[in-house]
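Got a few minutes and a viewer open? Here are some exercises to work through with the structure beside you.

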Amino acid sequence: MKTISIQKTTAPKAKPQDESKLGFGHYFTDHMFLMNYEEGKGWFDPRIVPYGDFAMDPASMVLHYGQAIFEGTKCYRRADGGLQLFRPEANLARMTRSAQRMCMPALDEETALEGLKQLVLLDQEWVPHSEGTSLYIRPTMISMDVHLGVHASKTYLFFIILSPVGSYYKDGLKPVGIYVEDQYVRAVRGGTGFTKCAGNYAASILAGDIAEKKGYSQVLWLDGVEQKYVEEVGSMNMMFAYGNRIVTPALNGSILPGITRDSILTLARQLGYETEEARLAIADIFADIRSGKLTEAFGTGTAAVISPVGKLCMDGEELVIGGGEIGAISQKLYDTLTGIQYGKLPDENHWITRLS
Ligand SMILES: *Cc1c(COP(=O)(O)O)cnc(C)c1O
């Protein structure tokens with residue numbers, strides 16, 4: 001591991017006072033972590049510096065050809081005031097897998113993890129205290145060569161920024177309405193669906209916008225080849241419950257392998273539910289909602305942990321799931337995973353890194 005230099009700010013910012021108004025991604029802390037890469041030299045100069053602007057040449061390759069990948073993880077404050085991370089090494093390992101697909105260099109995961117920990121500890125007063133709040137951690141990698149022409153850059157910048165975020169659910173888990181997108185697609189076979197690359201999100205905004213105008217909070221994507229099979233939702237993986245059986249789309253290369261997805265599947269098995277990863281036809285899902293066989297639907301992701309789906313709409317037909325109420329399995333899994341993240345439940349799977 002390389003030594004990380006630290007330059008502290010001389011002008012700390014005022015922290016947001018009202019934790020009930022934090023929202024998501026509005027505020028950023030006093031410092032950031034940076035590290036550079038050059039072909040032949042590897043990763044160098046890991047450093048923590050005051051949060052601030054980047055000076056970039058307008059011909060920087062990331063601005064034109066989009067070699068940009070990111071991650072999202074969180075730091076949680078326990079009731080005793082101490083801080084803990086949830087599976088951060090899984091996020092950095094996933095970033096290296098994203099990098100390989102985008103022809104970007106593998107991350108120096110050890111130095112990045114140490115930088116992440118030191119950064120959070122330096123800005124620890126920014127980790128909010130209220131129920132359900134956390135410090136969102138955004139590692140990012142971008143290409144930096146100043147050059148026009150489509151090929152892989154030889155220089156990169158890795159950075160981590162931190163944002164205190166509010167509780168996703170102020171009044172308990174609230175089911176959302178989801179629109180099944182049958183025109184646009186998010187990812188195709190052989191594409192970049194399994195990576196957290198910026199371009200995937202750019203390509204998804206239009207469909208999300210249209211769904212919102214129709215009164216739905218997010219889009220459920222179907223496969224990009226036949227548009228028949230369930231993929232995932234916005235920034236969440238999808239799960240469906242049939243009684244005590246939980247089914248989710250298998251990792252097929254076009255959906256994002258969520259760390260929450262993996263954690264929920266593990267916890268579900270430990271809690272005695274049956275789990276299955278399969279190819280799920282949307283027509284079957286709709287038939288099973290109509291017949292009442294499908295009892296719960298929910299999304300899984302770092303931001304919301306579990307987001308119950310109360311309504312699904314496709315081809316003008318809107319179906320209500322579980323009476324539009326939060327289901328018992330969704331609630332149980334939410335309580336269990338957040339219990340572990342906030343240090344209220346034992347961490348039997350060794351997912352937690354205590355920082356303080
Ligand atoms: C980040 C993300 C997820 C959820 O991944 P987690 O590791 O659970 O946060 C799911 N789908 C997409 C498209 C994502 O970007």
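The exercises below, each with a worked solution, are about a predicted model.

**Exercise 1. Find which residues surround the ligand most closely, and say what kinds of residue make up the shell.**

Solution.
- Start with the head count: the ligand has 15 residues around it.
- Now pick out the closest ones, which are K196, Y201, E232, T260 and T302.
- Next, sort the shell by type: four of its residues are nonpolar, seven are polar and four are charged.
- Then ask which elements contribute: β12 (236–242) gives at least two residues to the shell, and so much is also true of α6 (259–270).

**Exercise 2. Track down polar partners of the ligand on K196, E232 and I259, then work out how much of the ligand surface the protein buries.**

Solution.
- Begin at K196: one of its polar side-chain atoms is 2.7 Å away from a ligand oxygen.
- Move to E232, where a side-chain N or O atom lies 2.5 Å from a nitrogen of the ligand.
- Finish with I259, which uses its backbone instead: a polar atom there is 2.8 Å from a ligand oxygen.
- Now for the surface: on its own, the ligand would expose 390 Å², and the protein buries 97% of that.
- Last step, the site: the ligand is in the largest pocket.

**Exercise 3. Place R47 and R78 in the fold, decide whether each is buried or exposed, and find a polar partner for each side chain.**

Solution.
- Locate R47 first: it belongs to strand β3 (residues 42–50).
- Check its accessibility, using under 20% as the cut-off for buried. R47 comes in at 17% relative accessibility, so it counts as buried.
- Look for a partner: the R47 side chain has a polar contact with the side chain of N36, at 2.7 Å.
- Over to R78, which is in the loop between β5 (73–77) and β6 (83–86).
- Its relative accessible area is 7%, so R78 is buried.
- The partner this time is a backbone atom: the oxygen of S356 is 2.9 Å from a polar atom of the R78 side chain.

**Exercise 4. Work out what is unusual about the phi angles of C103 and Q227, and how exposed each residue is.**

Solution.
- Recall the background: most residues other than glycine have a negative phi.
- Compare C103, which is not a glycine, yet has a positive phi of about 60 degrees.
- Find it on the chain: C103 sits in the loop between α2 (88–101) and α3 (109–122).
- With a relative accessible area of 53%, C103 is exposed.
- Do likewise for Q227: this non-glycine residue has a positive phi near 50 degrees.
- Q227 is in the loop between β10 (218–222) and β11 (230–233).
- Its relative accessibility is 29%, so Q227 counts as partly exposed.

**Exercise 5. For K154 and G40, find how far apart they are in sequence and in space, and describe the surroundings of K154.**

Solution.
- Count along the chain: K154 and G40 are separated by 114 residues.
- Switch to space: C-alpha to C-alpha, K154 and G40 are 8.9 Å apart.
- As for the setting, K154 is in the loop between β7 (134–143) and β8.
- At 42% relative accessibility, K154 counts as partly exposed.

**Exercise 6. Repeat the sequence-and-space check for S163 with F286, A198 with G322, and G253 with M56.**

Solution.
- Take S163, in strand β8 (residues 155–165). It is buried, because its relative accessible area is 3%.
- S163 and F286 are 123 residues apart along the chain, with 38 Å between their C-alpha atoms.
- Go on to A198, in helix α4 (residues 198–202). At 32% relative accessibility, A198 counts as partly exposed.
- A198 and G322 are 124 residues apart along the chain, and their C-alpha atoms are separated by 34 Å.
- End with G253, in the loop between β13 (245–249) and α6. Its relative accessible area is 32%, so G253 is partly exposed.
- Between G253 and M56 there are 33 Å, C-alpha to C-alpha, for residues that are 197 apart along the chain.

Terms used: Residues are numbered from 1 along each chain as its sequence is written. This is a predicted model: local features need pLDDT of at least 70, side-chain atom pairs count only at pLDDT 80 or more; totals for chains, interfaces and linings use all residues. Side-chain values use heavy atoms; hydrogens and water are left out. A residue is near a molecule or strand if one of its heavy atoms lies within 4 Å of it. A polar contact is a pair of N or O atoms within 3.5 Å; within protein, one must be able to donate a hydrogen and the other to accept it, and residues adjacent in sequence count only if both atoms are side-chain atoms. Accessible areas come from the Shrake-Rupley method with a 1.4 Å probe; for residues, only the protein chains shown count as cover. On a 1 Å grid over the protein atoms alone, a cavity is a set of points where a 1.4 Å probe fits but cannot get out, and a pocket is an open set with protein on both sides within 12 Å along at least five of seven lines; lining residues have an atom within 4 Å of a point. A molecule sits in a cavity or pocket if more than half of its atoms lie within 2 Å of its grid points. Helices (H or I, at least four residues) and strands (E, at least two) are DSSP runs, numbered from the N terminus. Ala, Val, Leu, Ile, Met, Phe, Trp, Tyr, Cys and Pro count as nonpolar, Asp, Glu, Lys and Arg as charged, and the others, Gly among them, as polar. Buried means under 20% relative accessible area, exposed over 50%, partly exposed in between (1.4 Å probe, protein chains only).
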